[in-house]
Amino acid sequence: MVGQERAEIRLVIGRSFKREYITTSLPGKFEVPHIRLLVLLVRMKSFLKLSGAIALSCLAIESTARAVGYSPKEWIKPYRREALQDIVTWDEHSLFVHGERIFLYSGEVHPYRLPVPDLYLDIFQKIKALGYNGVSFYVDWALLEGKPGEYRAEGVFDLQPFFDAAQEAGIYLLARPGPYINAEVSGGGFPGWIQRVNGTLRTRATDFLEATDNYMKNLGATIASAQITNGGPIILVQPENEYTQAIPSIQPFPDPVYMQYVEDRLRDAGIVVPLISNDASAQGNNAPGKPAAVDIYGHDGYPLGFDCANPNTWPDGKLPTNWHQIHEQQSPNTPYSIVEFQSGSFDPWGGPGFDKCEVLVGAEFERVFYKQLYSFGVTILNLYMTYGGTNWGNLGHPGGYTSYDYAAPIREDRQVDREKYSELKLQANFLKVSPAYLTAARGNASTTTWTTSSDLAVTPASGESTKFYFVRHSKYNSLDSTSYKLNIPTSAFGNITVPQINGTSLTLNGRDSKIHVSDYDIGGATLVYSTAEIFTWHKYADKTVLVVYGGPGETHELALAVTGLEVLEGDVKSSTTRGYTLLNFVADGTRKVAKVGVGANFIYVYMLDRHEAYNYWPVDQAPHDSSSPIILKAGYLMRTAKVTGDTLALTGDLNATTPVEILGGAPSSLSKLTFNGDEVDFTVSKEGSVMANVEFAKPEFTVPKLSELEWKYINSLPEVQAGYDDSAWTKADLAKTFNSLRPLTTPVSLYSSDYGFHTGTLLYRGTFTATGNETILYLATQGGSAFGSSAWIGDQFLGSWRGFDAGVSGNVTFTLPNLTKGKTYTITVVVDNQGLDENWTIGTETMKNPRGILDYKLAGRSASDVAWKLTGNLGGEDYKDISRGPLNEGGLFVERQGLHLPGALKASGVDWKPSAGPVTDGITTAGISFFGTEFDLNIPSGYDIPLSFTFANTTSSTNSTGSSVPAYRVQLYVNGWQYGKYVNNVGPQTKFPVTEGILNYNGTNYLGISLWNLDSGATKVGGLELTVDATIWSGLRTVRTVEGEVYEKRDDAY
């Protein structure tokens, strides 16, 4: 994620987090260029390894170009050797797949943030319904190689179900394996053991390069097997990520040796599809013609940043204006590619929450910013994130909390009720049916040429005949309503000003943007112009359907080079003359329908306001095939449509009884209509539209009240009790750290990753024999943003670093009780590791920021007088729970024992005690307790019913360590999966969605709650309920419960 804007964001975050992030801005603005065709030029070494790949012939390409009706001026660049394949090609305008020119409209989705493979198809269908044809995905190395040399990619980490679901839905994939990904994951995707690599990360350092080999070899082979050349969905691969910024001492930078090494590992693994880059800003790094060049140059951009606390503030100067020109300078022979563009916002600990982020980057943002990108001619566009998901099992970076909702178009719980989802559907479907867009020549923005108002800027784009006009306020963040007319050339009328109906004008209301067209082809008929925006159209055998829309209250006008008019619905002003029909309407919430033509093959024009258009769907009947879409009005979500003989089968989601109207694509002999398998009565109008009413039957079900369940309790901090045996703990005996970033300030290393503990809660025990003169203990601990730590001597609580949003490390001085000379004492320290830092700026080595105890001083004693042991998750890098991966478990006693796993409540020999639960009983003193219970669910099949565990909102977002809000931390375990981390005195998250598949919707579930009280005295969880977030009748297939390891006594647990 992110680029120069991201660097600016890091200024904001840096101010918030104080010490966490580098705050250097990148030079220049985030702008980019235009592009042509270059097909894979691969180093001879890689080519020889791939000599069996298909060769690309120039003759085949030329015939393909003719087949799709284009004559690119320079279809192919001269090869120094044969190309690797001929399925995915490109010129300066766009990609071609199987010879078809495409706009790759893609959304970012991370499979590791949704560990339920049966739900991948749900996400892909919701993305396909937007009009997208692509998805980009990162792979998180830290989850696959938790121990050096041991690559594991089974169960929820197996990518094959992700590939299969994409293939079924008709989605192309852009694979982004890293090895560095950033992505707001722990270590930026680097496993914790990378902290022990001496060399500089993301450079040519030999030990670092060698550390990546096993991962890149195994993952590369997985990606290669799923390429389109092998019948899979992957058409592009991105080496590295945002390889854009380094400190001055890193020379050369960009380093061609490093980047070429990464590219070669991918080619060596059998990857033959084009390699595409993602420069964090438009710097031109690794563009064709540069050292270690990729095939297609791309960049990213997050222009509005992440200031969700001020969601209505759009600062001046944030709208890109010169990216097209920069693209033409940097990579004119490849398609203009934006491999990440802002589609949401992350939110930090103590932040305002994703509801405010949704306002910041909502539908208005999409209209203004995305249409600006279209004006530049982008044809490879990936929006980050389109579905965010969940940072379950400690996989997130320390700057963010459990939810990775990201204010994305699809919510974390997979609902699609945000307006921004619907707005994207309007835009992507327009581009899907507008092939002239792909090769249109881009002009310069003007405030005088195209409109009657200098308050507006218009950027033209011209194809062989079709022209596009991208209209926005010249002051992009204006809230004004501006009236205007459009001055355009047309083949029919010459230069005209529209709208032409007297007394009417167009309006641009505030933060909005429009795409007007002229000489636009709709299946052989000419739309002479339209100020109303086009949603979709299709020419069927018997008619053409055209759907256009305008913003609420706006007046719009269009003209068709067709005569004959019948207004079927609504109030439409019209004029017909000399073979042309003009329609003028107000988008007032009532639908207008006009039938244009004479005799047969009429054009049906549906004129809507924007909000009404949100309920319309064009649905393809087969993957990557738009030849016979079903266009219909149908409410919440449409997934699939299929005509078989006289039957039309629809699948989709409804949250209310919904009228369905099929405008086009149903067979004229239709005898049977089904929705989600249920037969539906229908009628057919005189004009051939199919109408039905699909009933929503709200199901009867209940979810348990957690306060009424039978709970059990166990102490999860026995380490402070007298006589505790720590003989199995790891001795802290390294006099020299492996960490090359921070020299030791203690006699031995207390950095957790030196000993193989990289995730979750860390525990330390320091033993010494007292002289009786010890009065003060100083502790410096580090765990990342919003971390906390607590300390005891013996069983006496000393105090805590309570944590706050910006606190990445904490220094506390404790007053000790009177100690007895000659007696042995043990200091116990608990540290909450919030994840490892990312490593965005090369040379800063921030990923190596250690976790654990940085320093300590026992007054009157030498530091070497204290002998330390430590533990984290049981086994460290030899982690026990293979099914949930290397990060899910931390070092709490219950985690080491496996008592968070299903079946633990029935385990013999475990000191479970009856309890009323964490809300009613809580914990009586500083320490850590664990509460477990079981409950049954019986959710009716055929419905998608998202559930959440919701805490009472007693959180505080204050950045003061003196907050009066009780300082306690909760981990939420659902059937063994750590699916939530709640920090009461920091916030903001109180609601934790847990998806079906993690929850068993038709069986018994095990819920575990760890409660860490960082204050002296008693505390209770303020409130906790299982809540129903929506009830949706769904075409979603059956979702199986993910099988994870269950409780078995761990003989080596301590």
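# Exercises on a predicted model

According to an unreviewed UniProt entry, residues 437-616 carry the feature "domain: Beta-galactosidase". The structure used in these exercises is a predicted model.

**Exercise 1. Describe the secondary structure content of residues 437-616 and the separation of the ends of this span, and then place domain 2 with respect to domain 4.**

Solution. Begin with the annotated span, which is 57% strand and 4% helix, and whose end C-alpha atoms lie 23 Å apart. Next, turn to the domain assignment of the protein chain, where domain 2 covers 436-635 and domain 4 covers 893-1034, while domain 1 is given in the pieces 101-302, 340-359 and 380-416, and domain 3 as 718-871. Finally, take the C-alpha centres of domain 2 and domain 4, which are 52 Å apart.

**Exercise 2. Decide whether the pair Phe341 and Tyr370 is stacked, tilted or edge-to-face, and do likewise for Trp729 and Tyr1054.**

Solution. A search of the whole structure gives 58 aromatic pairs. For Phe341 and Tyr370, the centres are 5.9 Å apart and the planes make an angle of 75°; since an angle over 60 degrees counts as edge-to-face, that is the class of this pair. Phe341 belongs to strand S9 (residues 337-342) and Tyr370 to helix H11 (residues 363-376), so that the pair links distant parts of the chain, 29 residues apart. Both Phe341 and Tyr370 are buried.

For Trp729 and Tyr1054, the ring centres are 6.3 Å apart and the planes stand at 50°, and the pair is therefore tilted. Trp729 is in the loop between strand S37 (711-715) and strand S38 (730-731), whereas Tyr1054 is in the segment after strand S56 (1032-1033), with these positions 325 residues apart in the numbering. Trp729 and Tyr1054 are both buried.

**Exercise 3. Check the span of helix H7 (residues 206-225) against the expected value, and locate its bend.**

Solution. First, 20 residues at 1.5 Å a residue should span 28 Å, because the expected span is 1.5 Å times one less than the number of residues. The end C-alpha atoms of H7 are 28 Å apart, which agrees with that expectation. Then follow the axis, which bends by about 35° at Asp213. Lastly, consider burial: the buried residues of H7 include Phe208, Leu209, Tyr215 and Met216. Phe208 and Tyr215 also belong to an aromatic cluster, whose members include Trp141, Tyr151, Tyr180 and Phe190.

**Exercise 4. How many residues of helix H4 (residues 120-129) are buried, and where does a positive phi occur just after H4?**

Solution. Helix H4 is mostly covered, with 10 of its 10 residues buried; among them are Tyr120, Asp122, Gln125, Lys126 and Lys128. Just after H4, Gly131 has a positive phi of about 100°.

**Exercise 5. Determine whether Asp140 and Phe757, both of which are found in loops, are buried or exposed.**

Solution. Asp140 is in the loop between strand S5 (134-138) and helix H5 (141-144). Its relative accessible area is 2%, and because buried means under 20%, Asp140 is buried. The C-alpha atom of Asp140 is separated by 14 Å from that of Phe162, 22 residues away along the chain.

Phe757 is in the loop between S38 and strand S39 (761-769). With a relative accessible area of 3%, Phe757 is buried by the cut-off of 20%. Between the C-alpha atoms of Phe757 and Arg202, which are 555 residues apart along the chain, the separation is 23 Å.

Note on methods. Residues are numbered from 1 along each chain as its sequence is written. This is a predicted model: local features need pLDDT of at least 70, side-chain atom pairs count only at pLDDT 80 or more; totals for chains, interfaces and linings use all residues. Side-chain values use heavy atoms; hydrogens and water are left out. UniProt positions are given in the numbering used here, feature names are shortened, and annotations may be inferred rather than shown by experiment. Helices (H or I, at least four residues) and strands (E, at least two) are DSSP runs, numbered from the N terminus. Rings of Phe, Tyr and Trp (its six-membered ring) pair if their centres lie within 6.5 Å; planes under 30 degrees apart count as stacked, over 60 as edge-to-face and the rest as tilted. Buried means under 20% relative accessible area, exposed over 50%, partly exposed in between (1.4 Å probe, protein chains only). Domain bounds come from an automatic or database domain assignment. The bend at a residue is the angle between axes fitted to the seven residues ending there and the seven starting there.
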